[in-house]
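Please open the model in your viewer and keep the sequence panel beside it, since the tour below moves from one selection to the next.

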Amino acid sequence: MYAITVTEPGGPEVLRWAEVPDPVAGPGEVVLDILAGAVNRADLMQRQGYYPPPPGASEIIGLECSGRVAEIGEDVTGWSVGDEVCALLAGGGYAQKVAVPAAQLLPIPEGVDPVTAAGVPEVACTVWSNIVMTGHLRAGETFLVQGGSSGIGTHAIQVAKALGARVAATAGAADRLARCRELGADIVIDYHDDIPAELKKATDGHGADVILDNMGAKGLAANVDALAPDGRLIIIGLQGGTRGELDINTLLRKRGSVIATSLRGRPLDGPNGKGAIVAQVREHVWPMIGDGRVRPIVHGTVAMAEAEAAHRQLEAGGVVGKILLVS
């Protein structure tokens, strides 16, 4: 088969379409013929050498895909050769084939074409596991997502709105703020402004009960300032650095929580494992997609062999939703 390979860390130019060995389905796994994959910020970090795959995972970049089941390993039930599915991956999505644990498979959501479905599993599992399973977002609470026009942001706005939350989103330009509002955000804030002040102004001083943040250190102080009493700050990215100063006194007075989580390196099994997350997404998020409360947002498509162009596009900024890689 062919896949995108990286011989050394670097810019988009290090991505090469090359022949590699076919994957084999181990016990509990299936092999998919990939129809499409999707580009995530984590892919750029892996290409640059900052985000290696977890032990045992494919070295090939790619955290999600759609495809057809081509081979079934031992102890796999509930799936058949030829089934069209999408999948959460620990790696391997920029390729013609991938081996994936069967517990990380999902049916194509109702009303979604197989190519578009390639961009759903990673954002759906990230958002649900963080804002619901970890952040315990409830109807009537205020939810803030930093980077509302991103793949995760566009999905998080819709899911939080479907859960009955008041939704706030940040973005860096008027057109992207408008898209956030179109997707259901009640409050939109330019991230160049004073985010805590603007949020408190819009919420009568309350702030956010749950914040989903992809910046890390750069936004830490502002996020703690923006928290409501008993608020939960969930950090899922490091785009703004790894080390920041935490005002514990402010956090204590708010009875706030700061939680850092990741999805890729989780085990398959257990109450917080990928299998449990995928099962909850299928139970709770797939019906939201099926009835139209949540819809995948696709910025555009690029041929899989031209992944370099997709990486350059994402790095340049202005992408709303997902860029898909089509085999």
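## A pair across two strands

Select Arg68 to begin: in this predicted model, Arg68 counts as partly exposed because its relative accessible area is 38%. Now add Glu84 to the selection, and you will find the side chains of Arg68 and Glu84 meeting in a salt bridge, at 3.1 Å from N to O. This pair links distant parts of the chain, with Arg68 in strand E4 (residues 64–72) and Glu84 in strand E5 (residues 84–88), 16 residues apart. Glu84 is also partly exposed, with a relative accessible area of 33%.

## Further salt bridges

How many salt bridges does the count come to? The count comes to 14, and the next stops show some of them.

Select Lys200 and Asp225, whose side chains meet in a salt bridge at 2.7 Å, N to O. Here too the pair links distant parts of the chain, since Lys200 belongs to helix H6 (residues 195–202) and Asp225 to helix H7 (residues 220–226), 25 residues apart. Lys200 is partly exposed, with a relative accessible area of 25%, and Asp225 likewise counts as partly exposed, at 33% relative accessibility.

Move next to Arg255, which forms a salt bridge with Asp230, the closest N and O atoms being 2.9 Å apart. This pair links distant parts of the chain as well: Arg255 sits in the loop between H8 and E13, whereas Asp230 is in strand E12, and the two are 25 residues apart.

For a network, select Glu13, Glu308 and Arg312 together, which are linked by salt bridges.

## Residues with positive phi

Stay with Asp230 for a moment and look at its backbone rather than its side chain. Most residues other than glycine have a negative phi. Asp230, however, has a phi near 65°, a positive value in a residue other than glycine. Asp230 counts as partly exposed, because its relative accessibility is 39%.

Now select Asp204, where phi is again positive, near 55°, in a residue other than glycine. Asp204 lies in the loop between H6 and strand E11 (208–213), and at 77% relative accessibility Asp204 counts as exposed.

Then go to helix H3 (residues 121–134): 13 of its 14 residues are buried, so the helix is largely enclosed by the rest of the structure. H3 is followed by His136, whose phi is positive, near 55°.

## Two arginines in one loop

Select Arg264, which lies in the loop between strand E13 (257–260) and helix H9 (274–290). Is Arg264 buried or exposed? Arg264 is buried, because its relative accessible area is 6%, below the cut-off of 20%. Show the neighbours of Arg264 and, leaving aside residues up to four places away in sequence, you will find that Arg264 touches Gln46, Tyr51, Pro52, Pro53, Pro54, Leu63, Ala90, Gly91 and Lys274. Of these, Pro54 is worth highlighting in the sequence panel, as Arg264 and Pro54 are 210 residues apart in sequence, yet 7.4 Å apart in space, C-alpha to C-alpha. At Tyr51, the side chain of Arg264 reaches the backbone oxygen at 3.3 Å.

Continue to Arg266, which is also placed in the loop between E13 and H9. Arg266 is buried yet has no salt bridge, and the nearest side chain of opposite charge, that of Glu122, is 10 Å away. What lies 2.9 Å from a polar atom of the side chain of Arg266? That position is taken by the backbone oxygen of Ser262, while the backbone oxygen of Asn272 lies 2.8 Å from a polar atom of the Arg266 side chain. Beyond residues up to four places away in sequence, Arg266 touches Thr261, Asn272, Lys274 and Ile277. Lys274 is thus a useful residue to keep displayed, since Lys274 is touched by Arg264 and by Arg266.

## A nonpolar patch

Finish on the surface by selecting Leu246, Ile248, Leu252 and Val258, which form a nonpolar patch with about 360 Å² of accessible area together. Within that selection, Leu246 lies in the loop between strand E12 (227–235) and helix H8 (248–254), and Leu246 counts as partly exposed at 35% relative accessibility.

Technical notes. Residues are numbered from 1 along each chain as its sequence is written. This is a predicted model: local features need pLDDT of at least 70, side-chain atom pairs count only at pLDDT 80 or more; totals for chains, interfaces and linings use all residues. Side-chain values use heavy atoms; hydrogens and water are left out. Patches are made of residues with over 30% relative accessible area and no salt bridge: like charges are joined within 9 Å, nonpolar side chains (Val, Leu, Ile, Met, Phe, Trp, Tyr) within 5 Å. Accessible areas come from the Shrake-Rupley method with a 1.4 Å probe; for residues, only the protein chains shown count as cover. A salt bridge is a side-chain nitrogen of Lys or Arg within 4 Å of a carboxyl oxygen of Asp or Glu. Helices (H or I, at least four residues) and strands (E, at least two) are DSSP runs, numbered from the N terminus. Buried means under 20% relative accessible area, exposed over 50%, partly exposed in between (1.4 Å probe, protein chains only). Contact means heavy atoms within 4.5 Å. A polar contact is a pair of N or O atoms within 3.5 Å; within protein, one must be able to donate a hydrogen and the other to accept it, and residues adjacent in sequence count only if both atoms are side-chain atoms. Lys and Arg count as positive and Asp and Glu as negative; His and the chain ends are not counted.
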